[in-house]
Amino acid sequence: MKTYKIALIKGDGIGPEIIDEAVKVLDAVSSRYDFDFSYEEALMGGCAYDITGDPLPQETIAISLSSDAVLFGAIGGEKWDNLPREKRPESGLLRFRKELGVYSNLRPAVVYDELINASSLKPEIIKGVDIMVIRELIGGIYFGEPKGRTEDKGWNTMVYTKDEIIRISHHAFKIAMKRGKRVCSVDKANVLDVSQLWRETVEEVAKDYPEVELSHMYVDNAAMQLIRDPKQFDVMLTGNIFGDILSDEASMLCGSIGLLPSASVGDRIGVYEPIHGSAPDIAGQGIANPIATIASASMMLRYELGEIEAANCIDKAIKLALSDGYRTKDLSQFDAKEVCSTSEMGSIIANNTVKCKH
Ligand code: NAD
């Protein structure tokens, strides 16, 4: 029997709670299919800083690179907000992504029919929304030089090389070929030189994919169009900061940020993580929604391990939990038959995998 080695990085805040539920579901699904998991835990974020003085210990990179995939919770919290920037949890995460070379972040935003009333938009606007945001993850303004701070001035630089744009564009077009064959590239080419290069380069790459329809949209318009008519989008291709913001916006189409998974992939192994943060305001209360992390585990099976049937099984198990009326607190006002804790939701989804095989 095949055994996949998974690096588990639980992180801070609700990270440990939600990862535990994803592991519960992975173990349930593996027992129904012909593979197994072995897990190795690694530290990152504030918890890593507290123990080692470094938010990203070298050992975490080593454990990750010797695994088949990384399942990641979330990092950060007020306790570490006043540390020097390089010691902060968020710096550890940015360094981690760079070290692993995960340049492409896939963020699906799919509206579950069962949660149609949870969106702040009208049902007819959001029913059937199925968007894949493809966000460049290790370039752009979060990494560009020069950057710096003095008492009364702060600056960052948005830089993209042509090669970086080519690489992420190919990924977006390849994903679009497996979906609705439409790519909308988001930029600010009317103002930014970096965006002009982005637009020209995406146009060049598009020539390799004649079946895919390419459109361009300025980021401010894209933010508006996502709310006005989200169904117009299939794949949205974005740089780092634009994708960060637009995918959080897209999460609200779906009802709760606690539902949205992501996959960060590149040339080496992938990192699978919810799009939300460590939610310190609800940590330790057993009320976090684990679905984003469980769905991230499903993306890991699908995109990294090639266990498509098992991934489909988890996706169906999530839908079944929702259609049976189970809701965590974030969604308790929306057609809930029973409000359940983080751990109860994990157990319900794990148990559903029995019914959802095939
Ligand atoms: P957040 O995503 O942690 O929380 C935003 C809001 O959404 C909060 O009200 C929170 O309670 C709620 N929420 C988030 N996840 C939820 C879930 N699974 N179930 C129910 N509700 C959920 O964003 P924030 O408050 O801006 O940031 C908190 C910390 O997380 C900060 O330190 C930030 O830097 C960090 N952060 C980390 C990541 C990451 O690890 N990838 C991403 C974003 C933010």
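Q: What makes a residue pair count as a polar contact, and how many such pairs does the rule find across the interface of domain 1 and domain 2?
A: Between domain 1 and domain 2, four residue pairs are in polar contact, with both residues at pLDDT 80 or more. The term requires N or O atoms within 3.5 Å; within protein, one must be able to donate a hydrogen and the other to accept it, and residues adjacent in sequence count only if both atoms are side-chain atoms. This is a predicted model, in which local features need pLDDT of at least 70 and side-chain atom pairs pLDDT 80 or more, while totals for chains, interfaces and linings use all residues. Residues are numbered from 1 along each chain as its sequence is written, and side-chain values use heavy atoms, with hydrogens and water left out.

Q: Which elements give two or more residues to the side of domain 1 that touches domain 2?
A: They are helix H4 (89-100) and strand E4 (104-110). Helices (H or I, at least four residues) and strands (E, at least two) are DSSP runs, numbered from the N terminus. E4 gives the most to this side, with six residues.

Q: What classes of residue make up the side of domain 1 that touches domain 2?
A: This side has 12 nonpolar, three polar and three charged residues. Ala, Val, Leu, Ile, Met, Phe, Trp, Tyr, Cys and Pro count as nonpolar, Asp, Glu, Lys and Arg as charged, and the others, Gly among them, as polar.

Q: How is the chain divided into domains?
A: Domain 1 covers 1-110 + 256-358, and domain 2 covers 120-131 + 138-254. These bounds come from an automatic or database domain assignment.

Q: What area do domain 1 and domain 2 bury between them?
A: The two bury about 1,600 Å², 65% of it on carbon and sulfur atoms. Buried area is the accessible area (1.4 Å probe) that two parts lose on being put together, summed over both. On the domain 1 side, Lys98, Tyr103 and Ala109 lose the most, together 35% of what that side buries.

Q: Why is the pair Lys10 and Glu41 called a salt bridge?
A: The side chains of Lys10 and Glu41 meet at 3.4 Å, N to O. A salt bridge is a side-chain nitrogen of Lys or Arg within 4 Å of a carboxyl oxygen of Asp or Glu, so the pair qualifies. Lys10 lies in strand E1 (residues 2-11) and Glu41 in strand E2 (residues 35-41), so the pair ties together parts 31 residues apart in sequence. The rule counts 20 salt bridges, but zero across the interface of domain 1 and domain 2.

Q: What distance separates an oxygen atom of the ligand from the side chain of Glu90?
A: The oxygen atom is 2.4 Å from an N or O atom in that side chain. This is within 3.5 Å, so it meets the distance limit for a polar contact. A backbone N or O atom of Ala279 lies 2.8 Å from a ligand oxygen.

Q: What makes the phi of Ala279 worth noting?
A: Phi of Ala279 is near 40 degrees, a positive value in a residue other than glycine. Most residues other than glycine have a negative phi. Ala279 lies in the loop between strand E12 (271-274) and helix H10 (291-304).
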